[in-house]
Amino acid sequence: MLPFLDFVSRLLHDHGYAFEPEQIADVCAHHPDEVCALLAAAGTIAASSAQIAVLTDATNALAATRTHRGTRPSLRERLDRVGEALSTALARHDKATTALHRACESLIHTCTDLVSILNPSTAERNRQTGRDARH
């Protein structure tokens, strides 16, 4: 399996869905918009998760340094910039998670075998609590 499809499979599993990647070509032939929405949301989640991890590390590194006076921005200014970028990444991640759930539900309603619900109560609870798969 391609690494990205493996990621999609793990991501969907974390959100209460089963994913059958071997069905992707057949389903895409009949429902390309839904498959593209699913893959786009998963890609955005992957990118924003990586960005969140890097920004969190940067915040921790900045918080551990001492303030230096001079022409460089102050520690507070640097932390503010990282905080703003982190807030943007978190918002992007949350929006993509909502889009992922919408895409999964849309594909489930097409009666294809690409996406199915592992456990209906888990999928509903994840949607209600906004649970995500940030790693």
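User: Accessible areas come from the Shrake-Rupley method with a 1.4 Å probe. How much area does the protein expose, and what share of it do carbon and sulfur atoms supply?

Analyst: In this predicted model, the protein exposes about 8000 Å². Carbon and sulfur atoms supply 56% of that area.

User: What makes Asp6 and Arg10 a salt bridge?

Analyst: The cut-off is a side-chain nitrogen of Lys or Arg within 4 Å of a carboxyl oxygen of Asp or Glu. For Asp6 and Arg10 the N to O distance is 2.6 Å, so the pair meets the rule. By this rule the count comes to one salt bridge.

User: Where do Asp6 and Arg10 lie in the secondary structure?

Analyst: Both belong to helix α1, residues 3-14. They are four residues apart, about one turn of the helix.

User: Why is Asp6 called partly exposed, and why Arg10?

Analyst: Buried means under 20% relative accessible area, and exposed means over 50%. Asp6 has 32%, so it falls in between. Arg10 has 45% and is therefore partly exposed as well.

User: What fraction of the protein is buried?

Analyst: Buried residues make up 33% of its 135 residues.

User: What makes a set of residues a nonpolar core, and which members of the largest one touch the most others?

Analyst: The members must be buried residues of the nonpolar kinds, joined through side-chain atoms within 4.5 Å. The largest such set has 21 residues, and Leu12, Phe19, Leu38, Leu100, Leu114 and Val115 touch the most other members. Elements α1, β1 (17-19), α2 (24-30), α3 (32-64) and α4 (75-109) each supply at least two residues of this core. A second, separate core has eight residues, including Leu55, Leu62, Leu75 and Val82. In soluble globular proteins, nonpolar side chains tend to be buried together.

User: Which residues does Leu114 contact, leaving aside neighbours within four places in sequence?

Analyst: Leu114 is in contact with Ala18, Phe19, Glu20, Gln23, Ile24, Val27, Val35 and Leu107.

User: How are the elements ordered along the protein?

Analyst: There are five helices and two strands, running α-β-α-α-α-β-α from the N terminus. Among contacts between residues at least 6 apart in sequence, 77% join residues at least 24 apart.

User: How confident is the predictor in this protein?

Analyst: The average pLDDT is 84, and 81% of the residues score at least 70. Over residues 131-135 the pLDDT is below 50, although this stretch has 17 contacts in the model beyond near neighbours in sequence. Where pLDDT is low, the predicted coordinates should not be read in detail.

Technical notes: Residues are numbered from 1 along each chain as its sequence is written. This is a predicted model: local features need pLDDT of at least 70, side-chain atom pairs count only at pLDDT 80 or more; totals for chains, interfaces and linings use all residues. Side-chain values use heavy atoms; hydrogens and water are left out. pLDDT is the predictor's confidence in each residue, from 0 to 100. Contact means heavy atoms within 4.5 Å. Buried means under 20% relative accessible area, exposed over 50%, partly exposed in between (1.4 Å probe, protein chains only).
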